[in-house]
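Let's take a look at this protein together. We'll start with its cysteines and then move on to a couple of loops.

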Amino acid sequence: MEQRQIYDNPPIRVIVTEHRAEYKWCPHCRCSHQVAFPAEAAHSVQYGTRLKAFRVYSGTYQLRSCDQVCGMVSGLFGVL
């Protein structure tokens, strides 16, 4: 009997968390109100803390250029 083994890393994927805030119209005060977003969702699209840390680590400690880091993030995670 002969055996062969292949070791590989599991695929890396980015987890996207979507936050939604509804607008509601108040018939009493006749104003539109919206629920506040969490503090970490300050903009419509942004990187999370782990992806930002990976980018900083790759650029600072691995001494990679911005283009190299962007290409690496795009290739590894499918994120621009």
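## Cysteines and disulfides

A disulfide here is a pair of cysteine sulfur atoms within 2.5 Å. Keep in mind that this is a predicted model. So how many disulfides does that rule give? The count comes to zero.

Let's see how the sulfurs are placed. For Cys 29, the closest cysteine sulfur belongs to Cys 26, and at 3.6 Å it is too far away for a bond, because a disulfide needs the two sulfurs within 2.5 Å. Cys 31 is in no disulfide either: its nearest cysteine sulfur is the one in Cys 29, 4.0 Å away.

Are these residues buried or exposed, or something in between? Cys 29 has a relative accessibility of 39%, so it counts as partly exposed. Cys 31 comes out at 36%, which also makes it partly exposed.

## A loop between two strands

Now hop over to Arg 30, which sits in the loop linking β1 (23-25) and β2 (32-34). What's the catch with its backbone? Arg 30 has a positive phi, about 55 degrees, even though it isn't a glycine. This residue is exposed, because its relative accessibility is 64% and the cut-off for exposed is over 50%.

## A loop between two helices

Which residue in the loop between α1 (49-60) and α2 (66-77) should you check next? Try Leu 63, which lies right in that loop. Leu 63 isn't a glycine, yet its phi is positive, at about 55 degrees. With a relative accessible area of 71%, Leu 63 counts as exposed.

Note on methods. Residues numbered from 1 in each chain as written. Predicted model: local features only at pLDDT ≥ 70, side-chain atom pairs only at ≥ 80, totals over all residues. Heavy atoms only, no water. Helix = DSSP H or I, 4+ residues; strand = E, 2+ residues; numbered from the N terminus. Buried < 20%, exposed > 50% of the residue type's maximum accessible area, 1.4 Å probe, protein only.
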